[in-house]
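Trainee: I am new to this structure and would like a close look at one part of it. Could you take me slowly through the pockets and the places around them?

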Amino acid sequence: MTAPETLARQVTERIELLAPQLTALSRMIHELAEPGFAEHRSVAAIAELVTAHGIEARVGVHGMETSLKACAGDPAGPRIAILAEYDALPGIGHGCGHNVIGAAAAGAFLGLLDVIGRTGGSVVLLGTPAEENGSGKEIMARAGAFAGIDAAIMLHPANCDDIHFAALGLRSVEATYHGIPAHASARPEAGRNALDAVVAAYQGVAALRQHMPQTDRVHGVITAGGEAANIVPARASLRLLIRSPRLDSLLALSERVQRILSGAALITETRLDAVWDRIQPCLPVRGNDALSTRFGVHMAARGRTSGAPQSAQGSTDLGNISLRVPAIHPTLAIAPPEIALHTVAFAGYAGSERGDRAVVDGAVILALTALDFLADAGLRERSRLEFEAAGGVVDVPALLTPPGGQPGTSEGS
Ligand SMILES: [Zn+2]
Ligand SMILES: [Zn+2]
């Protein structure tokens, strides 16, 4: 059973009425273009809109200054979270279109206010900052933001409508090698070359690429390589990103990279200092067909058809949440297929009429999906059973110990 038609119609009508406020909010966040951890005015704008509708919106909850939380309904019943992002990319503004996510999520929450008393249960609007280069959702999850939540839903603007969104898990490592400085010509035998270690590690990763699954990625940059050509470099470093579509394969690939880093220290007689996960990792997204199918039904009603599943390319911190509660991260098209995310061109679409349309469509689709979840015990049960069958709740912090078992070399952010 899905939500009664009358409630669904009421939700849709409320959101259509709110459309000018929602698109104004989206445009304002787009204009502000505040990067992660600094989204002060963006989150204030969302809080102001929610407060104007008589609901308390708390800013700065669950371990982050620019997070937001607003709740409506009966906390005793089932509880669904609608996630809002609003951080921009340094240099190119809303090239990932998070202004659309923030405004659509706020709209979905407000759209449910009239009916939440009749569905039972509650809805939580959770503002999750610093998705880009910050994995804010992992920080918030560790601070208890998802305790008591039965499902988490969000959407992301993209160049296609897609309910089967897949994302690669992503970890990072900063490897610094410490050698011994020496006159590079007069006494080279006294030195140990940290740059050689970095080069050996970089080449080792290049060799690894031939023999890893085609779905996996390792890429990086050398961040320090010595100061003067006539001194044996005593310190050199590189930064690597490691991506894989599954949790087990991500962990296995991390171990292989760690062995290469250690091997480079061994052959150059330098000391390795490897800091894993300085930024909290993004884990692969575990889908939930029960929820995404409902999202797809409401998407189709807005004239949007999901395409065939695409291979995973990017990464998102929603993956970390999807290992804690049933979660979905479908996409809505705001740009043609040839326009890639994280570009100035995509930022243009995020602040255009197509972005505005996705705000309103997205708010309706999210709200109706949440309505189904609250009104339909069968859907709740199916999404939960599917989540359990896929491995259930994962203890993410325990899982993310640094590869190679070197204690004290990993720092959280
Ligand atoms: Zn992005
Ligand atoms: Zn994004």
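Mentor: The second largest pocket of this predicted model has a volume of about 200 Å³. Its lining is made of 15 residues, and those closest to its centre are Asp-150, Pro-326, Phe-373, Arg-380 and Arg-384. If you want one element to look for here, take helix H12, residues 377-389, which gives the most to this lining with 7 residues. Sorted by class, the lining of the second largest pocket holds 8 nonpolar residues, 1 polar residue and 6 charged ones.

Now turn to the largest pocket, with a volume of about 1,000 Å³. A total of 41 residues line it, and Arg-243, Gln-313, Gly-314, Ser-315 and His-342 lie nearest its centre. Three strands each give two or more residues to this lining: E6 (156-158), E7 (169-178) and E9 (235-244). The class count for the largest pocket is 16 nonpolar, 17 polar and 8 charged residues. Where does the largest pocket lie with respect to domain 1 and domain 2? Domain 1 is made of residues 5-167 together with 284-389, and domain 2 covers 169-281. Both give residues to the lining, so the largest pocket lies between them.

Keep His-342 in mind, one of the residues nearest the centre of the largest pocket, because His-342 also coordinates a metal. The zinc ion (ligand 1) is held by His-342 through NE2, by Cys-96 through SG and by Glu-132 through OE, at 1.9 to 2.2 Å. Along the chain these donors follow the spacing C-x35-E-x209-H. Glu-132 sits in the loop between strand E4 (122-127) and helix H5 (136-142), while His-342 sits in the loop between strand E12 (331-333) and helix H10 (344-350), so this pair ties together parts that are 210 residues apart in sequence.

Are these two donors buried or partly exposed? Below 20% relative accessible area a residue counts as buried. Glu-132, at 11%, is therefore buried. His-342 has a relative accessible area of 40%, so it is partly exposed. The backbone of His-342 is worth a glance as well: its phi is near 65°, a positive value in a residue other than glycine. As a background note, most residues other than glycine have a negative phi.

There is a second metal beside this one. The zinc ion (ligand 2) is 3.1 Å from the zinc ion (ligand 1), and Cys-96 coordinates both. The protein donors of ligand 2 are Cys-96 (SG), His-98 (NE2) and His-156 (NE2), lying 2.0 to 2.3 Å from the ion. In sequence they are spaced C-x1-H-x57-H. Here too, distant parts of the chain are linked: Cys-96 is in the loop between strand E3 (79-84) and helix H3 (98-112), whereas His-156 is in strand E6, 60 residues apart. Strand E6 has already come up, as one of the strands that line the largest pocket. With a relative accessibility of 7%, Cys-96 counts as buried. His-156 counts as buried too, at 6%.

The loop that carries Cys-96, between E3 and H3, also holds His-94. At 2% relative accessibility, His-94 is a buried residue. What does the side chain of His-94 reach? It comes to 3.1 Å from the backbone oxygen of Ile-29.

A little further on from Ile-29 in the numbering is Ala-33, in the loop between helix H1 (5-32) and helix H2 (40-52). Like His-342, Ala-33 has a positive phi although it is not a glycine, in this case about 45°. Ala-33 is partly exposed, with a relative accessible area of 26%.

To finish, go back to strand E7, another of the strands in the lining of the largest pocket. Glu-174 is found in this strand, and the residue counts as buried because its relative accessibility is 18%. Its side chain makes a polar contact with the side chain of Arg-239, at 2.8 Å.

If you would like one residue to hold the picture together, choose His-342: a residue nearest the centre of the largest pocket, a donor to the zinc ion (ligand 1), and part of the loop between E12 and H10.

Technical notes: Residues numbered from 1 in each chain as written. Chains lettered and ligands numbered in written order. Predicted model: local features only at pLDDT ≥ 70, side-chain atom pairs only at ≥ 80, totals over all residues. Heavy atoms only, no water. 1 Å grid on protein atoms, 1.4 Å probe; cavity = no way out; pocket = protein on both sides within 12 Å on 5 of 7 lines; lining within 4 Å. Points joined across faces, edges and corners; volume = space filled by probe spheres on them. Helix = DSSP H or I, 4+ residues; strand = E, 2+ residues; numbered from the N terminus. Nonpolar A, V, L, I, M, F, W, Y, C, P; charged D, E, K, R; others polar. Domains from an automatic or database assignment. Donors = N, O, S within 2.8 Å, 3.2 Å for Na, K, Ca; no water. Buried < 20%, exposed > 50% of the residue type's maximum accessible area, 1.4 Å probe, protein only. Polar contact = N/O pair within 3.5 Å; in protein donor to acceptor, adjacent residues only side chain to side chain.
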